[in-house]
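Visitor: I have a chain on the screen and some questions. Please take me through it.

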Amino acid sequence: MALALSAVFLAGCGSEPETSSSAPSSAPSPSAGRSTSSASPTPSRTSAAPASTTAAPLPPAPIQPAPAQPAPAPLTAEDAERIIANYHQNSADLVYTVFDNGDGTFEVKVTSRSIAAQGGTGTTGLYVVEQSGSFALK
């Protein structure tokens, strides 16, 4: 089949048309040295598909929405103090003073009693606590 197609392709490229006669031509053909088949093209084989015996597919199940989770309670001043105290391992030497910034965040001032007793302010850090519970040293 491929040989017949290449002969047709080569015939369309400007060489002399090939004939299917059994008489050899005096000019060498582009397919010289190759055996050519003068057989007629093979008929296409069509097979009838068997009838479908399966039922139609079911439609997809409807998507159920996830149950609504309650919104987390807003962070309070006590929560902000507890977060910073836990960070400092609940040291008995530290005192926490919480300031509400009014925008949902809190500032927590950490004071050391032992440092204050030596005559200093005792302030060891000022933290900003976000509603999410994250915090950063200011």
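Guide: Start with a term: accessible areas come from the Shrake-Rupley method with a 1.4 Å probe, and for residues only the protein chains shown count as cover. This is a predicted model: local features need pLDDT of at least 70, side-chain atom pairs count only at pLDDT 80 or more, and totals for chains, interfaces and linings use all residues. Residues are numbered from 1 along each chain as its sequence is written, and side-chain values use heavy atoms, with hydrogens and water left out.

Visitor: How much of the area that the chain exposes do carbon and sulfur atoms supply?

Guide: The chain exposes about 11000 Å². The share from carbon and sulfur atoms is 59%.

Visitor: In what pattern do the helices and strands follow along the sequence?

Guide: Helices (H or I, at least four residues) and strands (E, at least two) are DSSP runs, numbered from the N terminus. The chain has 3 helices and 4 strands. Read along the sequence, the pattern is α-α-β-β-α-β-β.

Visitor: Which element gives the most to the largest nonpolar core?

Guide: A nonpolar core is a set of buried Ala, Val, Leu, Ile, Met, Phe, Trp, Tyr and Cys residues joined through side-chain atoms within 4.5 Å. The largest one has 12 residues, including L75, I83, F106 and V129. Two or more residues come from each of α2 (77-87), β1 (94-100), β2 (106-112) and β3 (123-129). With 4 residues, the top giver is α2.

Visitor: Which residue in the turn between β1 and β2 has a positive phi?

Guide: Two strands pair if DSSP finds at least two bridges between them. Here 7 bridges join β1 to β2, which run antiparallel, and L94 stands opposite S112 in β2. The two strands form a hairpin with 5 residues between them. The turn residue with a phi of about 85° is G102.

Visitor: Why does E107 count as buried?

Guide: E107 lies in strand β2. Buried means under 20% relative accessible area, exposed over 50%, partly exposed in between (1.4 Å probe, protein chains only). E107 counts as buried because its relative accessibility is 15%.

Visitor: With which side chain does the side chain of E107 make a polar contact?

Guide: Contact means heavy atoms within 4.5 Å. Not counting residues up to four places away in sequence, E107 touches T97, V98 and K138, among others. A polar contact is stricter: a pair of N or O atoms within 3.5 Å; within protein, one must be able to donate a hydrogen and the other to accept it, and residues adjacent in sequence count only if both atoms are side-chain atoms. At 2.7 Å, the partner is K138.
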